[in-house]
Amino acid sequence: MNFTKPSRRDTLRMMGLAGAAGVLAPNLLVSPALANPPSTPTGQIVVGVSQEPTVFNPLMPRIEVDDGVQLSLFDALVRISPDGEFVPALASEVPTIDNGGLSEDGLTWTFKLRDDVKWHDGEPFTAEDVKFTLELIVDPNFQSWRTTGHSLIRDIEVVSPTEIKWRMEEPFAPYMSILVETMMVPKHILGPLEDRNTAPFNQAPVGTGAFKWGSRKAGDNLELVANEEYFGEGPYIERLIYKYIPDLTVLYTQFKSGDIDIISNQYISPDNYAEAKALTGKVVEVVPSSTVESVFLNMEKPQFQDPAVREAIYSAIDKQTIIDALYYGLPTPAESYLPQQSFYYNPDLPKHAFDIEKANTLLDDAGWVPGDDGVRAKDGVRLSFSNSTTSGNHLREQTQQFMQQTLGQIGIEMTIENLPPAVMWGEYWSMSKFDSVIVGIVFTTGADADVTVRFSSDAIPAQGGRGSNTGQYKNTQVDKLLQEAGQIFDQQKRKDIYREVQEIVRGDLPLLPLFQYATVRGHKEGIKGIEPNINTRIDTWNASQYYWDK
Amino acid sequence: MAGFLLRRLGQSIALLIIVSMIGFGILHLTPGGPLSQYALTPGMTQETMDRIAEQMGLNRPLPIQYLDWAWRLLQGDWGVSYRDQQPVLSVIGRHMFATFLLMASSTVIAIAVGTWIGIKGATHRYSLFDYTATVGAMVALSIPTFWFGLVGIYIFSLELGWLPAGNMYTIGDGSVLDYLHHLILPSLVLALVNIAIWSRYMRTATLDVINQDFVKTARAKGVSERRILMKHVVGNALLPMITLAGMQLPNLLSGALITETVFTWPGMGRLFLDSLGYNDYPVVMGLLMFSAILVLLGNLIADLVAAAIDPRIRLA
């Protein structure tokens with residue numbers, strides 16, 4: 001911690017130490033002592049992204065870069081700090097059992113709202129907008145991207161323009177994390193419309209956020225302008241521009257040439273890290289991401305029924321060499337599906353070791369005998385399976401070849417069947433048509449460790465389930481624990497349960513965790529206010545704080 | 001003539017329908033769909049994906065989806081892009097402008113420079129200039145465009161800092177001069193290959209003409225070399241080149257994918273790639289229909305013009 005110039009995170013920590021974090025107004029989270037943002041918005045910042053933001057209705061399905069834009073245009077009731085603390089945004093305080101916002105049984109939620117918030121068109125933001133938003137999400141005619149949690153809401157009551165309460169059908173602790181990702185939309189604009197899926201609003205959104213919609217040149221760039229009426233701190237720049245540069249090499253070149261000020265998603269590729277570090281006038285840093293790379297196994301395939309096989313495969317993957325040789329040592333080895341920075345992370349999981357001998361012994365003991373072709377078999381099942389990933393991802397393709405070699409040494413045949421993204425992530429993935437897949441997944445919901453949709457046995461789409469448990473993992477103990485943790489609000493207890501879930505999953509190995517990604521981010525010297533937040537999907541989550549220090 | 005026209009129109013429409021059916025079928029039968037990009041979104045469930053697919057009408061039988069699409073198209077509704085949520089025609093229109101700008105400027109450069117090199121090469125056959133031009137053309141044709149693009153960016157943007165490293169304009173500027181500044185490098189890179197092609201054709205065409213009798217006659221009459229070149233040779237040599245220039249037109253639709261990618265130029269090539277990668281059915285179908293219509297129309301006009309010019313072509 002640097003006391004001469006404390007970062008926002010340090011400030012937060014200090015306030016936490018003082019036990020005062022809860023009573024401070026949110027805008028004090030930005031320490032005024034931190035250099036000097038301009039008094040009126042000044043200048044512009046160009047953010048380069050390799051995927052094009054195209055979804056601007058924040059309740060519709062979206063990808064990371066859409067998040068980045070939406071977080072500047074809209075606000076949720078609560079926000080999440082880099083430390084994983086809930087911070088009020090449109091709400092005036094975060095409801096807890098202690099402050100009475102949450103009932104003891106977790107069923108009644110009451111939100112007090114700020115009274116000084118205006119939509120970009122000047123209309124006041126009120127509890128009616130919150131009610132409208134929560135109802136729109138579960139409207140069967142609306143293309144909302146997630147109804148988890150929202151579908152439990154009953155009896156929404158607007159107590160006053162600044163207070164709203166509702167009842168939950170059953171207690172659901174992860175809901176606060178879901179609310180963090182639920183941006184409020186204006187009732188006075190969307191309410192009167194018949195079809196909200198194709199509303200003009202979706203291409204010219206009106207929010208409450210630090211930036212207002214400017215203009216968009218499809219296929220090229222998107223311009224947001226400062227909302228000088230913003231209720232929070234900032235914004236400090238006049239214009240925030242997202243520039244779409246699909247090719248990663250070109251994205252990096254334009255970062256070098258200075259055409260873009262911040263290199264955002266997908267950031268700087270690992271092979272350019274060494275060079276990027278040495279660039280003058282640029283700040284380049286490695287930031288952990290919550291994406292965990294793993295080999296997903298289809299647990300219904302006969303090859304993967306025997307736990308010994310899964311453990312043998314895991315032992316025969318030379319994780320460290322993959323990380324060092326292919327990813328330039330940037331990612332950190334993982335044993336859990338949770339990022340190491342997570343509050344719920346279990347640091348005591350068994351450590352993976354690359355051990356061909358152990359793998360061979362495991363398979364020998366389990367009765368898998370090498371056939372004439374050198375491939376082991378047992379009861380008519382050959383230890384041969386395919387592995388897929390999106391074609392064109394060179395690092396993953398090299399990982400596959402590397403795995404293929406070491407698995408060959410233990411009598412397992414792995415074939416490579418790569419597919420283009422649109423095919424890969426279609427039914428092939430969702431309906432579990434693969435043998436095994438290399439994939440990077442964010443398992444958390446915001447900061448919450450609830451993984452019911454990924455691991456519970458009623459979440460398997462291929463078996464009629466409704467989640468995204470595409471590895472078809474089933475464990476009744478995990479089901480029970482996930483259900484339990486979802487219904488209690490005591491964070492310490494939840495942490496214990498989620499640690500146990502991680503332990504069981506690590507033992508069962510339905511997925512072979514490889515590593516937790518780290519991204520190489522970069523921006524021009526002189527831009528202040530940039531702060532990583534592992535609890536959000538994108539680096540530009542707090543663009544309202546950006547400014548030029550010249 | 002009217003009968004011919006009607007018959008050709010009928011054939012064209014039948015062809016269009018067949019093309020659209022095949023295109024629609026292949027596109028929709030490809031595994032995956034426009035929602036697959038959300039498969040890895042945290043918290044995304046199959047239930048949500050199924051619900052949205054139903055709302056978008058993606059789970060209806062294929063023939064129904066086709067008829068729905070075709071019926072709308074007949075009414076002038078090209079649909080709305082899944083990826084962009086904007087009308088297909090406006091999406092295509094915007095990208096077409098970018099491609100047109102790039103294509104037009106590079107074609108002008110290629111024709112001007114290529115013609116000059118070709119004529120000079122032909123009139124000074126086997127000179128140092130001619131050999132240099134020949135070797136240069138071979139090099140330009142053999143080296144891929146992206147390499148030229150990257151080298152150009154490295155030299156002129158990163159090292160010298162004279163030209164921007166890409167993009168169509170400076171965000172926040174967008175004046176005509178700014179557009180021109182951004183056009184220089186990509187259109188030169190794109191023109192390079194065309195200069196090579198163009199100069200070779202031009203050289204051959206000029207050589208064909210230069211030995212013709214009417215040129216000799218002109219020379220015998222004492223017409224100055226310069227006048228012979230300008231008045232008799234170039235005019236005649238350019239004739240076959242017009243066909244060549246016409247062949248550049250379809251490129252407008254496919255765009256110059258590589259150049260557009262290297263220079264982040266928001267043109268048709270990138271639109272096509274983005275839309276395919278996303279399975280943005282309405283846009284891909286729109287592009288397909290658009291190009292099919294253009295090709296058919298082009299052929300039709302060519303036939304009519306040929307018939308009008310040359311009475312030997314019987315239309316009956």
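Student: Which residues of α12(B) are buried?

Tutor: In this predicted model, the buried residues of α12(B) are B:Met268, B:Gly269, B:Arg270, B:Leu271, B:Phe272, B:Asp274, B:Ser275 and B:Tyr278. Each has 20 or more other C-beta atoms within 10 Å of its own, so each counts as buried.

Student: What makes helix α12 of chain B largely enclosed by the rest of the structure?

Tutor: The helix covers residues 268–278. Of its 11 residues, 8 are buried, so the rest of the structure largely encloses it.

Student: What follows α12(B)?

Tutor: B:Asn279 does, and its phi is positive, near 60°.

Student: Why are α4(B) and α5(B) called oblique to each other?

Tutor: Take the angle. Helix α4 (residues 88–123) and helix α5 (residues 128–142) of chain B pack at about 135°, with their axes 8 Å apart. Roughly perpendicular ends at 115 degrees, and roughly antiparallel needs over 145. The angle falls in neither class, so the pair is oblique.

Student: What is the handedness of the crossing, and which residues meet there?

Tutor: α4(B) passes α5(B) in a left-handed crossing. B:Ile117, B:Lys120 and B:Gly121 in α4(B) meet B:Phe129, B:Asp130 and B:Ala133 in α5(B). By class, that contact has 3 nonpolar, 1 polar and 2 charged residues.

Student: How many residues of chain A are in contact with chain B, and which element of chain A gives the most?

Tutor: 49 residues of chain A contact 47 of chain B. α12(A) gives the most to the side of chain A that touches chain B, with 9 residues. That side has 19 nonpolar, 20 polar and 10 charged residues.

Definitions and conventions: Residues numbered from 1 in each chain as written. Chains lettered and ligands numbered in written order. Predicted model: local features only at pLDDT ≥ 70, side-chain atom pairs only at ≥ 80, totals over all residues. Contact = placed C-beta atoms within 7 Å. Helix = DSSP H or I, 4+ residues; strand = E, 2+ residues; numbered from the N terminus. Nonpolar A, V, L, I, M, F, W, Y, C, P; charged D, E, K, R; others polar. Buried ≥ 20, exposed ≤ 12 C-beta atoms within 10 Å, placed from the backbone. Axes fitted to C-alpha atoms, helices over the stretch in contact; angles between N-to-C directions. Parallel < 35°, antiparallel > 145°, perpendicular 65-115°, else oblique. Left-handed = near helix turned anticlockwise from the far one by under 90°.
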